[in-house]
Amino acid sequence: VYVVTKSGIEVPVGNIITVVPTQLVATPNPVKNGAELTITGKDMDLITGIAFPNAKASKLNKVETTKVTSTVPEDAQEGDITLSLANGKTVTVAYTLVKPTVASCTPAAITAGDKTIIKGTDLDLVASITFPGDVEQTVEKFAAQNANAIAVTVPAACAGTGFKLNLKNGTTVNIDGQLSIKAATDPAIASVTPG
């Protein structure tokens, strides 16, 4: 802080250090996209805004002296959450996201063009599935989908093992060894009647 004399001379008289929130902890950690996240700490009532990594829109649900809450956007990715203050300063807190897991595929060995049911946890985070082949094939429409299962028809041009879960937030989870896809065979003609 400076005082200015009538002659225009600035005289330093002291320093001001503004308080920022400290001791920040995000819970739950990991958190699922779409779930509520709580960030605790000191002086949390100074926070006026929140920004999740890669999210188009983020908003605070509640602001209190010791905590703030926010819903994790579906398009948010892992990294540092940025909390903004009215004076223009920011503070960050790291967090991680829940990722889908695959327990099994039924059936686990199929021919391209057949259906399989992928079972696991947090599968509602999946936007599409990419299957292996000479050219990878991505399926965006499922016969059924919930948090515990996805029913999908594997495209006829696929062959190989494993697949990729493409999540709604733009990240990918590789699943190895849970599904074996045999290439579809061309139909064989035994006879034509009448010839």
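**Surface patch, chain dimensions and nonpolar cores**

Ile9 lies in the loop between strand S1 (2-4) and strand S2 (10-12), where strands are DSSP runs of E with at least two residues, numbered from the N terminus. The model is predicted: local features need pLDDT of at least 70, side-chain atom pairs count only at pLDDT 80 or more, and totals for chains, interfaces and linings use all residues. Residues are numbered from 1 along each chain as its sequence is written, and side-chain values use heavy atoms, with hydrogens and water left out.

The chain contains 18 strands and zero helices, helices being DSSP runs of H or I with at least four residues. Its radius of gyration, taken over C-alpha atoms, is 27 Å, against near 16 Å for a compact globule of 195 residues (2.2 Å times the number of residues to the power 0.38). Along the principal axes, the C-alpha atoms fill a box of roughly 115 × 35 × 25 Å. Of the 195 residues, 34% count as buried (under 20% relative accessible area, 1.4 Å probe, protein chains only).

The largest nonpolar core (buried Ala, Val, Leu, Ile, Met, Phe, Trp, Tyr and Cys residues joined through side-chain atoms within 4.5 Å) has 22 residues. Ile118, Ile129, Phe131, Phe163 and Leu165 have the most contacts inside this core (contact: heavy atoms within 4.5 Å). Strands S10 (101-106), S13 (126-131), S16 (149-153), S17 (160-167) and S18 (172-182) each give two or more residues to this core, and S18 gives the most, with four. Another core, of 20 residues, lies apart from it and includes Met44, Leu60, Tyr95 and Leu97.

Technical notes:
Buried means under 20% relative accessible area, exposed over 50%, partly exposed in between (1.4 Å probe, protein chains only).
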